[in-house]
Amino acid sequence: MSNIHDERTVELIEAFHKQFGQSPRYLSRGPGRVNLIGEHTDYNDGFVLPVALKRSVQIVLRPRPDRQVRIFSAEFGESGFFDLDGIAFNPEQLWLNYIQGVAQSLEQEGFGLVGIDALVSGNVPRASGLSSSAALEIASAHAFLAAAGQNHLLPGPRLAQLAQRAENQFVGVNCGIMDQFISELGRANHALLIDCRSLDYQLVSVPEEAALVIGNTRASRSLASSAYNERRSECEQGVALLQRALPGIRALRDVSSAQLEAERARLPATVYRRCRHVVSENERVLHCVAALQEGDLAAAGRLMDASHDSLRDDYQVSSAALDTMVETMREVAGCYGARLTGAGFGGCAVALVKPGSEQAMADTIFERYPKATGIWPEVYTTKAADGASVVDLGE
Ligand code: GLA
């Protein structure tokens, strides 16, 4: 939960006042996320195990009596405008499209929204695989719903779906449900096991003997969106071919490792490897949940290592920078396991470590990673934090 007296919130309220000459009425917050395990499984109806971050997108806002939306972005230092009755893709201010898309998605769901004056600010690193887009979408959804007095009406999983729809259909990015879901439903000190088919979810307590370190490669992810779509279609191709022998399956979620091996000959070599990643990754997520529940961090770490190796070798979404980051993390005493997190091709890696070894890990990364890659990284330590929230700041 955001404390309305914390420094950042006070700054936001002041900045809002400067921009709009009034005080904001609500503060909404959507966190970024880091995925512990279960990568490229969400769009295969599978399992994921992310945690919400303390880093978030925050919006302070005031409802308006009309349907105008005026938003100042603190990061971009610019204002954006739109009318709820004239929502249209804005090719010049891409950040505004996430907010427009969410407004459209909520209206399509039957919510009658009102205009807002809003100031948005975030500290989730952008384009780094920590879901700054989902954080913005979720914060925007709560901003609009709070302004319209309808914040209590939408169950979390549905709200996540509407935010995902905004990204798929309005922004045009074909992501799965994981990022929006965890931003909405994350819980402090817990990871969330999400069944991306049924949208059932279960809190999994992160043992106190475990801390998380995130290494941002700060390497460009230029390939990410075309390759992401290519991987999705390779998975669909795999399902179509496997269905000839296994007519009951709807997605790779329904296929076991044994079935995949038995039908291997039906699949082109690349498609087989993509499928092998997804099928084995789903199994790893469930094993990792069991390991965390038993407090067996060594086993959880080994599963994270295996996840990375599978993403690198079978799914082929790692990069030289990510591999270097992961290998550097693994060399540090106290590291249980490390892997790339998010879509891949750049962005971040996450390590599960013994509390107390975070600094040593950061030092090692700063010493070795720039030498190997020529890039200056960023390192964040984090604990699993709460999902989205809205605070009424009063009149
Ligand atoms: C991106 C997408 C998610 C998920 C991951 C890969 O973060 O937004 O839906 O597919 O990639 O696990």
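Which side chain does Arg 339 meet in a salt bridge? Keep that one in mind while you get your bearings; this is a predicted model, and the tour starts with its two domains.

**Stop 1: the domains.** Colour residues 7–205 plus 385–392 as domain 1, and 211–382 as domain 2, following the domain assignment. Their C-alpha centres sit 26 Å apart. Now select the residues in contact: you should get 35 from domain 1 and 41 from domain 2.

**Stop 2: the interface.** Put a surface on both halves. About 3100 Å² is buried between domain 1 and domain 2, with carbon and sulfur atoms giving 60% of that area. The interface also has its charged pairs, as three salt bridges cross between domain 1 and domain 2. Zoom in on Arg 339 and you'll find the answer to the opening question: its partner is Glu 39, at 2.7 Å from N to O. Switch on polar contacts too, and 19 residue pairs show up across the interface of the two domains, both residues of each pair at pLDDT 80 or more.

**Stop 3: domain 1's face.** Hide domain 2 and look at the side it touches. The elements that give two or more residues here are β1 (26–35), β2 (47–48), β3 (50–63), β7 (190–195) and β8 (201–205). Of these, β3 gives the most, with four residues. Colour this side of domain 1 by class and you get 15 nonpolar, 12 polar and eight charged residues.

**Stop 4: the ligand.** Bring everything back and select what surrounds the ligand. The residues around it include Glu 39, His 40, Tyr 43, Cys 175, Met 178, Asp 179, Gly 342 and Ala 343. So Glu 39 turns up twice on this tour: among the ligand's neighbours and in the salt bridge with Arg 339; that pairing fits a broader pattern, because side chains of opposite charge can pair when their charged atoms come close.

Three more residues are worth showing as sticks, each with a polar side-chain atom beside a ligand oxygen:

- Asp 42, at 2.5 Å
- Tyr 228, at 2.6 Å
- Arg 33, at 3.0 Å

**Stop 5: a long-range tie.** Finally, show every salt bridge; the structure holds 28. Pick out Glu 395 and Arg 62, whose side chains meet at 3.7 Å, N to O. Glu 395 lies in the segment after β13 (389–392) and Arg 62 in strand β3, so this pair ties together parts 333 residues apart in sequence.

How values were computed: Residues are numbered from 1 along each chain as its sequence is written. This is a predicted model: local features need pLDDT of at least 70, side-chain atom pairs count only at pLDDT 80 or more; totals for chains, interfaces and linings use all residues. Side-chain values use heavy atoms; hydrogens and water are left out. Domain bounds come from an automatic or database domain assignment. Contact means heavy atoms within 4.5 Å. Buried area is the accessible area (1.4 Å probe) that two parts lose on being put together, summed over both. A salt bridge is a side-chain nitrogen of Lys or Arg within 4 Å of a carboxyl oxygen of Asp or Glu. A polar contact is a pair of N or O atoms within 3.5 Å; within protein, one must be able to donate a hydrogen and the other to accept it, and residues adjacent in sequence count only if both atoms are side-chain atoms. Ala, Val, Leu, Ile, Met, Phe, Trp, Tyr, Cys and Pro count as nonpolar, Asp, Glu, Lys and Arg as charged, and the others, Gly among them, as polar. A residue is near a molecule or strand if one of its heavy atoms lies within 4 Å of it.
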